[in-house]
Amino acid sequence: MIQSIKKSVLSFLSSSSFTKLLIRGINLLLKFVFQIVIVKAIAIEHFGLYSYYRNVINITVFIMGFEIHQYVLRRIAANQDKGIIASQYILYLKMYFLFIPFYYYFLYKITDANTGLSLLLLGILIFEHFSGEQVKTLVALKMSIRSNVQFTIRNGLIPLLALGIIYISFPLVTYELLFKFYLLFLILFAIYATYHNGIVSTIISEYKNVAIIEFIRDAVPVSSRYFLISLMFNLAAVID
């Protein structure tokens with residue numbers, strides 16, 4: 001009986017499920033430490049503005065993503081069509097360049113931020129979306145441990161690292177300074193992840209086969225359903 005329990009415990013501890021659980025636990029710990037440090041390090045008015053801008057970015061990233069990854073995930077699961085990933089990221093790159101003026105105007109108007117801060121928020125918006133979509137792509141490719149590691153780095157380690165450096169190096173912690181360092185580390189991480197995850201090589205190898213119009217035509221009906229469902233859940237959570 002004891003041997004059987006011991007064997008089951010050891011089996012679980014050596015499994016990928018335990019590894020993913022441990023990584024998620026580290027992510028929650030990093031976020032918890034971040035909240036403790038930022039409350040002590042930053043003035044209350046700056047904390048309020050940081051939280052406000054942070055929520056605007058989160059909502060805009062969600063809208064920008066439009067749950068396209070749900071369509072890609074199902075295409076990969078159905079026929080192992082990894083070439084669809086190239087279509088997804090080429091669409092994102094074109095979307096960034098075409099809609100940069102709109103994103104900037106939206107952030108400028110909705111947040112009432114100055115030009116410099118609006119550009120800073122725009123940079124965070126683009127790189128958060130791009131790196132976040134890669135985490136979801138790794139799930140579709142059944143690389144869940146790498147996905148969890150990159151999720152933890154992006155959502156837990158980078159914000160804490162940026163805050164820690166500012167807290168140690170500067171006499172005053174402001175939300176603008178925090179966003180600047182966060183964007184710097186986010187860009188470095190996005191560049192590393194893009195190459196490490198093979199996104200660049202996939203785009204190069206599949207570029208000639210990409211049909212963006214067909215991709216949008218097929219993806220929107222599927223993604224829109226998941227987008228509306230996610231939107232209703234998020235609204236329900238806010239109302240509750």
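Entry 1, terms and model. I take a helix to be a DSSP run of H or I with at least four residues, numbered from the N terminus. By that rule I placed Leu-49 in helix H3. I note at the outset that the model is predicted.

Entry 2, the whole chain. I looked up the secondary structure and found 10 helices and 0 strands. Read along the sequence, the pattern is α-α-α-α-α-α-α-α-α-α. I recorded a span of about 60 × 50 × 40 Å for the C-alpha trace along its principal axes. Of the 240 residues in the chain, 42% are buried. The exposed area is about 13900 Å², and carbon and sulfur atoms supply 70% of that area. I then turned to contacts between residues at least 6 apart in sequence, and 75% of them join residues at least 24 apart.

Entry 3, Leu-49. I returned to this residue of H3 and asked which residue, 126 places away along the chain, has its C-alpha atom 7.2 Å from that of Leu-49. The partner is Tyr-175. Leu-49 has a relative accessible area of 34%, so I list Leu-49 as partly exposed.

Entry 4, the loop after H3. I examined Phe-66, which lies in the loop between H3 and H4. Its phi is positive, about 50°, although Phe-66 is not a glycine. Glu-67 lies in the loop between H3 and H4, and Glu-67 has a positive phi near 55° while being a residue other than glycine. Is Glu-67 buried or exposed? I list Glu-67 as buried because its relative accessibility is 10%, and buried means under 20%. Phe-66 has a relative accessible area of 26%, and therefore I list Phe-66 as partly exposed.

Entry 5, the largest pocket. I noted a volume of about 770 Å³ for this pocket. Its lining has 36 residues, of which Arg-54, Asn-58, Glu-128, Arg-154 and Asn-155 lie nearest the centre. The elements that give two or more residues to the lining are H2 (16-41), H3 (44-65), H6 (115-140), H7 and H8 (175-196). Which helix gives the most to this lining? I found that H3 does, with 9 residues.

Entry 6, the cavity. I searched for cavities of 30 Å³ or more, and the count came to 1. The largest cavity holds about 30 Å³ of space. I listed its lining as His-69, Val-72, Ile-76, Gln-88, Lys-136, Thr-137 and Ala-140. Helix H4 (68-79) and H6 each supply at least two residues of that lining.

Entry 7, Thr-152. I located this residue in helix H7, which covers residues 144-169. I list Thr-152 as buried because its relative accessibility is 8%. Which residues does Thr-152 touch, leaving aside those up to four places away in sequence? I recorded Ile-23, Ile-26, Asn-27, Leu-30 and Leu-157.

Entry 8, a surface patch. I looked up a nonpolar patch on the surface, formed by Leu-228, Ile-229, Leu-231, Met-232, Phe-233 and Leu-235. Together these residues have about 610 Å² of accessible area. One of them, Leu-231, I placed in helix H10, residues 212-239. I list Leu-231 as partly exposed because its relative accessibility is 30%.

Definitions and conventions:
Residues are numbered from 1 along each chain as its sequence is written. This is a predicted model: local features need pLDDT of at least 70, side-chain atom pairs count only at pLDDT 80 or more; totals for chains, interfaces and linings use all residues. Side-chain values use heavy atoms; hydrogens and water are left out. Patches are made of residues with over 30% relative accessible area and no salt bridge: like charges are joined within 9 Å, nonpolar side chains (Val, Leu, Ile, Met, Phe, Trp, Tyr) within 5 Å. Accessible areas come from the Shrake-Rupley method with a 1.4 Å probe; for residues, only the protein chains shown count as cover. A salt bridge is a side-chain nitrogen of Lys or Arg within 4 Å of a carboxyl oxygen of Asp or Glu. Buried means under 20% relative accessible area, exposed over 50%, partly exposed in between (1.4 Å probe, protein chains only). Contact means heavy atoms within 4.5 Å. On a 1 Å grid over the protein atoms alone, a cavity is a set of points where a 1.4 Å probe fits but cannot get out, and a pocket is an open set with protein on both sides within 12 Å along at least five of seven lines; lining residues have an atom within 4 Å of a point. Grid points are joined across faces, edges and corners, and a volume is the space filled by probe spheres set on the points.
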